[in-house]
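Let's take a walk through this one together, going from the overall layout to the ligand and then to a single helix.

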Amino acid sequence: MSHGHDADCDTDYDTEYDAVVCGAGVAGLSAACALGRLGHRVLVLEKRPEPQQVAKGEVLQPGSLGILREWGVADRLEAAGALRLEHLVARAADGTPRMRLDYGHLPTPQPWLLAHDYPTILRALGDSLPPGVEVRRGALVEGLVRTGDRVTGVRCDGTAVTAALVVAADGVSSRLRREAGLTAPRSDYPHRLAAFELTGTVPPDFSAYVTDGGLRLRYPLPGGRVRLYVQVAADELRGLGPDGLRAWSDRVLRGCPGLDPVAEAFRAGVADRQVLPVSRTLAPALTVPGLALVGESGHLVHPMAAQGMNSSIADAHTLAAMLRQGGSLQDDVVDHALRRYDTARRHDLHHIGRTSHNAARMITGRSWIGDRALTGTGANDRIRHEVMHTMSGLGIRRLTPVDRLHQIGVLPDPRAARLPGWARTVRGSGAAAR
Ligand SMILES: Cc1cc2nc3c(=O)[nH]c(=O)nc-3n(C[C@H](O)[C@H](O)[C@H](O)COP(=O)(O)OP(=O)(O)OC[C@H]3O[C@@H](n4cnc5c(N)ncnc54)[C@H](O)[C@@H]3O)c2cc1C
């Protein structure tokens, strides 16, 4: 497939499109890809001249891989060296396993997670855009254009760009969400995450260590690198010089002997870090006539649940499916499709948000309930598989209030060893041997 057109900010562009997308993060590029594949003319406006070089989203779930394969993105990522991760193990600080998720048990042709750097994922999406998509970088969207109650375009560089559909993919602080009168009240977690990139020869492993000091998560990246996240208090690293950082890294390592294989690489890389705040939200409404929120403009979960990019991709895929069913871009047809998008996505995002929050409490909370839930889920084959299915993006598997009592060990589960039907079929067909 040929690539979308990537324009510099001083290049002329039309002022009428089928869809205009604000933001070229994972959500915006996914929306552009999905809408472009319907044959629509799409303009993407991105305020940054270049993609961000940050560690922000590196793990793609199996549910996204089916969509990304269809778009040609998964093949590009694999050609660029993306790694398949087949299981995730939550461990005690000394490395003892407490809960194991085996993605090979999932009912999908691609039962693994795929890991690559965030800029490479953005590049693969950008390179897979269909020909009807134009990307304009260095273009700040200043606000919405309305005709009566309907959003009919955006203002950019003092020019009105009109479109049958405006997609707000402008991230967590979305200006377009605010202008559309939509809200997304945020709850902050009490901790931050410090991200390190470790180099050197270290064994590939995807483990979440649950320690007295909080979460330590490591997974491999292409080129023999390792991503390490360390949960920290808000001001834990503030003002630390080289000696302070060395003492801090020694404390982290002492509190987590499971990290011994990466200890040297961690000490060597500790000065180069990103510290990120952590929040969650779900907008009570994702659309108004003429406009849809996709990605973090509409929802946010704890990053360690590895759901953000995946939910953004699912948003884009669902939005395009609803528009395709409508069959035209007349205002009333678009708005009907938007209402259906809102209902379908809020249902799923509500469950994903809840499961992600519970998973985050298990691995970061250092609370009695989180610890009990980790032990209970780790020991319960049925619930563990249902949680993995929901998090994989392959479909929501609801847990009942009684399941939650089983999870925290308040009520014994007579069905704890009984795999869900979908997992029995997959294992019976030989997938467990993978
Ligand atoms: C530490 C960390 C780890 C994570 N790990 C994972 C993971 O492993 N798996 C996963 O699925 N997710 C993960 N996530 C979440 C994931 O990165 C995000 O959910 C996803 O990238 C969100 O994409 P987005 O496009 O909605 O927002 P953004 O990436 O914020 O993109 C918004 C874009 O809009 C542009 N923009 C904003 N305002 C304007 C404007 N007015 N005009 C023009 N352009 C504008 C911005 O410049 C930006 O490029 C992680 C997040 C963090 C912080």
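In this predicted model, the C-alpha centres of domain 2 and domain 3 sit 29 Å apart. Those two belong to a three-way split of the chain: domain 1 is pieced together from 5–54, 119–184 and 283–354, domain 2 runs over 188–279, and domain 3 covers 365–433.

Now look for the ligand. Its shell takes at least three residues from domain 1 and at least three from domain 2. There are 33 residues around the ligand, and the ones that come nearest are G23, G25, G57, G295 and G308. As for the make-up of that shell, you'll find 15 nonpolar residues, 10 polar ones and eight charged ones.

Which elements supply at least two residues each to the shell? They are the helices α1 (26–36) and α8 (308–326), plus the strands β3 (42–46) and β13 (187–198). The biggest giver is α8, with four residues.

Let's stay with α1 for a bit. Is it enclosed or open? All 11 of its 11 residues are buried, so α1 is largely enclosed by the rest of the structure. You can follow the buried residues along the helix, among them V26, L29, C33 and L35.

One neighbour worth picking out is α4, at residues 118–127. Two packed helices are described by the angle between their axes and the distance between the axes. Here α1 and α4 pack at about 20 degrees, and their axes are 9 Å apart. Angles under 35 degrees count as roughly parallel, so that's the word for α1 and α4. Where α1 passes α4, the crossing is left-handed.

How values were computed. Residues numbered from 1 in each chain as written. Predicted model: local features only at pLDDT ≥ 70, side-chain atom pairs only at ≥ 80, totals over all residues. Near = placed C-beta within 6 Å. Nonpolar A, V, L, I, M, F, W, Y, C, P; charged D, E, K, R; others polar. Domains from an automatic or database assignment. Buried ≥ 20, exposed ≤ 12 C-beta atoms within 10 Å, placed from the backbone. Axes fitted to C-alpha atoms, helices over the stretch in contact; angles between N-to-C directions. Parallel < 35°, antiparallel > 145°, perpendicular 65-115°, else oblique. Left-handed = near helix turned anticlockwise from the far one by under 90°.
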